[in-house]
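Reader: I would like a close look at one helix of this model, and then at how that part sits in the rest of the assembly. Please take me through it step by step.

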Amino acid sequence: MRGQIIDAIFERMASNPDVFFLTADMGINLVEKFAETYPTRFLNVGIAEQNLVGVSAGLANLGFRPFAYTISNFAVHRCFEQIRNDIGIHDYPIVLLGTSTGYDNAPLGPTHHIIDDWGALKAIPEIDIYCPSSVSYAGFLVDHLLSTGRPAYVRIPKGAYQTPASTDHFVMLPGRGQDTLLVSYGTCAQDCLAAQARDPALAVLVVNRLRPLDEEKLAEALRPYHRIIVVEDHFPSAGLYGSLCELLVRHSVGTRMHSLAPHDYTLDVGTSNGYFHRKYGLDGDGILAAVAAH
Amino acid sequence: MTIQTKLPTAAAVRSSGFADPIAIRLTILDMLYRAKASHLGSSMSVVEMLVAMYGSTQVEKIRDRAPDRSRVIVSKGHCAAATYATMAHFGIIPMSLVDTYHTDHSLLAGHVSHAVHGVEHSTGALGHGINVAVGCAVGLRSRNVNDALALALVGDGEIQEGSVWEALMLASHLRLNNFIALVDNNRISSITDTDKVLDQRPLAQRFAGFGLGVREVDGHDVTAILSAIRGLTAGDRPGVVICSTIKGKGVPFAENQPIWHYRSLNDQLYAEAKAAVAAAARRA
């Protein structure tokens, strides 16, 4: 999905002289074309993420539309006060592009596991939050962000998933029944689709925009199901599980809610996303086991 | 690229009638007394620096929010009273607005806020504004605006924040000669002497080591600060003006006293402070 987003920004720079791309020295073989083609609207600030955000705010003061790129954990955790003060309080239309989500960087250890990023930003009301679950949505997202003109964080999974091929902020993939609905986003949506392929009774809801949620429509979409299992590569109380629990209470939907998610930091070494998805029961087997157990 | 600012002479700034540091100090005392507000010490130390900063700009462009205006960013946001008083004396905001400082429903909080017309960026947490100022300098260059500056006012305690040095490294790397930081070197940070907390002396060599042009001046001499800004903009790199100041300047019982970062004025001290500042005006 990263490629679709980067390509879309590059294309928009040709027609929109306000688009400015910044990186904190990340994106090898990806960002070089920005420097070559648009040297006055590209900046590598170096390994200095606080400055990445502060400089982006200065550019926004000049009327630019900054897209600031680095690995998600550096973009969010390192810069929380800059995001709060210099983006949120000012309501600047800065887009933080965080590459990698969940366990995309599995063997690199817990500093690079991105399981608490967007939940941290839920504390800042001004920031819209996205996690594209397909190349279709990723390709659509840049124009959407330019049109909203709002502060935003995009957590970009490393994969390039073709399904669900939709540009909607959430996508319902009905099952044969209305007993169990799996809700997910990003990489974990693929695990849910794998589970649905093995048990067609399961319905799957894929969410691309994590905030704002389309409350009324989502409440009505969720209401018919007897139970909902939220599957995510993020701590659940700060994640979509927490958001949906609040939403359902607000809309008096009494559906039973369950969570499949990591619950702690781990020093385990696994060579891929799959290792940690198995560990926390986020893979197809884990999801089907949870369906059978609850 | 040469910066083509039309910097006024000190005499021109003085004759403008807006920028008398003594009058600004009296306004600050009124604001702090009425509001029972703190931060008297640094509000008094930065007055001449703010006069020189706004005096280095085309103020009418700031008033009109012209896209090609110079950007004045007060990174040490607790100097809000001094900032608002100076802006009012330059005619950027009305004095009637200043009168509401620190009161219910006012736009004027105890830290600088962009809710106030003419303020570029809200600050209060340290080590933020200077980074934004560097972003403004990058943006001005990208927009091909060659007659405007990005000026950041930072404290000598504030420069203990690592993010300050991230900003300076980038400014130096990009040779942003439209960026100047002015350091309020009053030698006192939050609770005690800056040098006792984290000794960064010699400051000039530190900044020079980061590749910046450096001037050291008397921070209560508007002419000297203006001259330093003028000299730095003629160069090919970003600059730092280290302004030697006195925290609480002009208020004898508060001068160099860390507690006046926090304390507020009662009736008697307000009268004493006003009398001292007025007496200084008579001596001048």
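Author: In H7(A), the buried residues are Ser136(A), Tyr137(A), Ala138(A), Phe140(A), Leu141(A), Val142(A) and Leu145(A). The term buried here stands for 20 or more other C-beta atoms within 10 Å of the residue's own. The model is a predicted one, and the values below are computed from it. The cover over the buried residues of H7(A) includes one helix of chain A, H1 (2–15), and three strands of that chain: S4 (95–99), S5 (128–130) and S6 (152–156).

The length of the helix can be checked. H7 of chain A covers residues 135–148, which is 14 residues, and at 1.5 Å a residue it should span 20 Å. The C-alpha atoms at its ends are 20 Å apart, so the expected span and the model agree. H7(A) nevertheless has a bend of about 35°, placed at Leu141(A). Leu141(A) is also one of the buried residues of the helix. Just after H7(A) comes Gly149(A), with a positive phi of about 60°.

Next, the setting within the chain. The domain assignment divides chain A into domain 1 (2–156) and domain 2 (170–293). Between the C-alpha centres of these two domains of chain A the distance is 26 Å. Their contact takes 20 residues from domain 1 of chain A and 27 residues from domain 2 of chain A. On the domain 1 side of this contact in chain A, helix H6 (117–121) and S5 each supply at least two residues. S5(A) gives the largest share of that side, three residues. S5 of chain A is also among the elements that cover the buried residues of H7(A). Sorted by class, the side of domain 1 of chain A that touches domain 2 of chain A has 11 nonpolar, four polar and five charged residues.

Last, the contact between the chains. Chain A and chain B put in 24 residues each. On the side of chain B that touches chain A, helix H8 (129–142) and helix H9 (162–173) of chain B each supply at least two residues. H8(B) accounts for the largest share of that side, with 10 residues. By class, the chain B side has 11 nonpolar, nine polar and four charged residues.

As for confidence, chain B has an average pLDDT of 93, and 94% of the residues score at least 70. The model as a whole scores ipTM 0.95 and pTM 0.96.

Technical notes: Residues are numbered from 1 along each chain as its sequence is written. Chains are lettered from A and ligands numbered from 1 in the order in which they are written. This is a predicted model: local features need pLDDT of at least 70, side-chain atom pairs count only at pLDDT 80 or more; totals for chains, interfaces and linings use all residues. Two residues are in contact if their C-beta atoms, placed from the backbone, lie within 7 Å. Helices (H or I, at least four residues) and strands (E, at least two) are DSSP runs, numbered from the N terminus. Ala, Val, Leu, Ile, Met, Phe, Trp, Tyr, Cys and Pro count as nonpolar, Asp, Glu, Lys and Arg as charged, and the others, Gly among them, as polar. The expected span of a helix is 1.5 Å times one less than its number of residues. The bend at a residue is the angle between axes fitted to the seven residues ending there and the seven starting there. A residue is buried if 20 or more other C-beta atoms lie within 10 Å of its own, exposed if 12 or fewer, and partly exposed in between; C-beta atoms are placed from the backbone. Domain bounds come from an automatic or database domain assignment. pLDDT is the predictor's confidence in each residue, from 0 to 100.
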